[in-house]
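Trainee: Could you pick one part of this structure and take me through it slowly? I'd love to see how it fits in with what surrounds it.

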Amino acid sequence: MIRPLLVLLGPTGSGKSDLALFLASLLPCEIVSCDSLQIYRGFDIGTAKVGAGLRDGVPHHLIDIASPREAFSAGDYARIARPLLVEISSRGRIPVVTGGTGFYLRALLYGLADAPARDEALRARLSAREARSPNSLHRILRRLDRKAAERIHSNDTHKLIRALEITIRSRRTLSEIHAAPPTPLAGFDTLKLGLNPSREELRKALDLRASRMFESGLIEEVQALLASGLTGNEKPFESLGYKQALTVIRSQATLAEAIEST
């Protein structure tokens, strides 16, 4: 049985959430978030989550499913999202996948290479080594896997750590693992709709969004997250808006500078 699947693509601020709700007013749809930040509980304003009161009764999935303290990967997303799509379709509804994380969408539709899980102790050692000797990870990767080293910039510490983590744990290079064909999503007839507003329109929309995030209480939201026991070093704090809010709270920037940076 081939089931319909709608995927809404486009840059941040292009109107994907509004279009998803509009389609749900015309078709029997349920919306599936494909956003690496909206999965985290408590991170609402800076991730532009559609509030429960604005969803017009349309079911939304894969929002607020993870603690900001836990690691959550594109592979984790695909493992949860794929059976969810089948479940939605089994109810006679059309899943509409939308969100801003292209790597999550790629994992969902096309699958990822069979790579080992994260090893936090190993990652910490690699990170410490890079801190002691900048560019050392890129030099090591170049010796072990020249193809991967050519694709990853020497300043991209996150990707360098993951590439070396995979190589060390699997005893295979990242290039070898990526050469094996992943398992694509099966059983769906996928229609992708891409939103592509002009750069001028997008710039205006994002300037307005950045200002409204702070006006709507982003600083207070971050203060509450820190008061709940978070340190500010968790992954969601690396995202635009949240890292700038931290600089205001820590007296490293003014509010105007934080908004401009965002």
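Mentor: Let's look at what packs around helix H3: the cover over its buried residues includes E1, H2, E4 and E5, where contact means heavy atoms within 4.5 Å. This is a predicted model, where local features need pLDDT of at least 70 and side-chain atom pairs pLDDT 80 or more, while totals for chains, interfaces and linings use all residues. Residues are numbered from 1 along each chain as its sequence is written, and side-chain values use heavy atoms, without hydrogens and water.

The buried residues of H3 are Tyr104, Leu105, Ala107, Leu108 and Leu109 (buried is under 20% relative accessible area, exposed over 50%, partly exposed in between, with a 1.4 Å probe and protein chains only). Helices (H or I, at least four residues) and strands (E, at least two) are DSSP runs numbered from the N terminus. Just after H3 comes Gly111, with a positive phi near 85°.

Now follow the cover to E4, which spans residues 94-98 and has five of its five residues buried. Ile94, Val96 and Thr98 are on one side of E4, while Pro95 and Val97 are on the other, and both faces are covered. In a regular strand, side chains alternate between the two faces of the sheet.

Val97 is a good residue to pause on. Beyond its neighbours within four places in sequence, Val97 is in contact with Leu105 and Leu108, and also with Leu5, Leu6, Val7, Leu8, Val32, Cys34, Tyr77 and Leu85.

Many of these names come back in the largest nonpolar core (buried Ala, Val, Leu, Ile, Met, Phe, Trp, Tyr and Cys joined through side-chain atoms within 4.5 Å). It has 37 residues, and Leu5, Val32, Tyr77, Leu85, Val97, Leu108 and Phe237 are the ones that touch the most other members. Two or more of its residues come from each of strand E1 (3-9) and helices H2 (74-90), H3 (102-110), H9 (199-215), H10 (218-227) and H11 (242-249). H2 gives the largest share, seven residues. There is also a second, separate core of 15 residues, with Leu122, Leu137, Ala163 and Ile177 among its members.

Back at E4, let's see which strands it pairs with. E1 and E4 are joined in the parallel sense over three bridges, with Val7 opposite Val97 in E4. Strand E2 (residues 29-33) runs parallel to E4 and is joined to it by five bridges; Glu30 has Pro95 as its bridge partner in E4. Two strands count as paired if DSSP finds at least two bridges between them.

Step back and you can read the whole open sheet: five strands in the order E3-E2-E4-E1-E5, with parallel pairing. Strand E3 (60-61) and strand E5 (188-194) each have a single partner strand, so one side of each lacks a neighbour in the sheet. For E3, that link to E2 is parallel and made of two bridges; Val32 stands opposite His61 in E3.

One last stop is Glu165, in helix H7 (residues 157-170). Glu165 is buried, with a relative accessible area of 0%. Leaving out residues up to four places away in sequence, Glu165 touches Ala117, Arg118, Asp119, Leu122, Arg123 and Leu126.
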